[in-house]
Amino acid sequence: MKLNGLNHLTLAVADLDRSWDFYHGLLGAQAHARWAGGAYLSLGGLWLCLSLDTPEPGRGYTHYAFDVAAADFSAWTARLRDAGVGVGVWKDNRSEGDSFYFLDPDGHRLELHVGSMQSRLAACRAQPYPDMVFFDQEAC
């Protein structure tokens, strides 16, 4: 018995119109449904639910990363900065793959990331983090 992966991501949002404009208008999430208390969108294979509620984003490293092609990374970061999103940058990238860390209108920590777990593991095998241990694929 095992889990099959991430099913969906639900974000509590204070203003549905503002979040709709951000996720659908700015980030280009595909719209599927919207109602008085929320919306269903998708980004690639990610089912994204916006739920009208009181946002309480955490303060740790918890964040949500969206995959972006290397060829599109600069255009995406420029688009976000032009929209004023760069003001909310919450972290500088220090790991493999281009990353742009930003906040949504409710303070949820988001990231645009170029790369995959495979490319990150390859970089880590070349320069491991302190006390890093690797497991072969069969052990997972």
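Here are three short exercises on the structure above, each with a worked solution.

This is a predicted model, where local features need pLDDT of at least 70 and side-chain atom pairs count only at pLDDT 80 or more, while totals for chains, interfaces and linings use all residues. Residues are numbered from 1 along each chain as its sequence is written, and side-chain values use heavy atoms, with hydrogens and water left out.

**Exercise 1. Work out in which order the three strands of the open sheet lie, and what packs on that sheet.**

Step 1. Start with the strands, which are DSSP runs of E with at least two residues; helices are runs of H or I with at least four residues, and both are numbered from the N terminus. Two strands pair if DSSP finds at least two bridges between them.

Step 2. The order is 5-7-6, with mixed pairing. Strand 5 (64–67) and strand 6 (99–103) are the edges, each pairing on one side only. From one strand to the next, the twist averages 25°.

Step 3. Look at strand 6 and strand 7 (residues 109–113): they run antiparallel and are joined by five bridges. Phe-102, for instance, has Leu-110 in strand 7 as its bridge partner.

Step 4. Now add helix 2 (residues 73–82), which packs on the sheet and touches strand 6 and strand 7 (contact is heavy atoms within 4.5 Å). Its direction makes about 20° with that of strand 6. For such angles, axes are lines fitted to C-alpha atoms, for helices over the stretch in contact, and angles run from 0 to 180 degrees between N-to-C directions.

**Exercise 2. Find the partners in the two salt bridges.**

Step 1. Look for a side-chain nitrogen of Lys or Arg within 4 Å of a carboxyl oxygen of Asp or Glu.

Step 2. Arg-34 pairs with Asp-17, their closest N and O atoms being 2.2 Å apart. This links strand 2 to helix 1 (residues 16–26), across 17 residues.

Step 3. Arg-18 pairs with Asp-106, at 2.7 Å between the closest N and O atoms. Here helix 1 is tied to the loop between strand 6 and strand 7, 88 residues apart.

**Exercise 3. Is Asp-106 buried or exposed, and what about Arg-18?**

Step 1. Use the cut-offs: buried is under 20% relative accessible area, exposed is over 50%, and partly exposed is in between (1.4 Å probe, protein chains only).

Step 2. Asp-106 has 12% relative accessibility, so it counts as buried.

Step 3. Arg-18 has 34%, so it counts as partly exposed.
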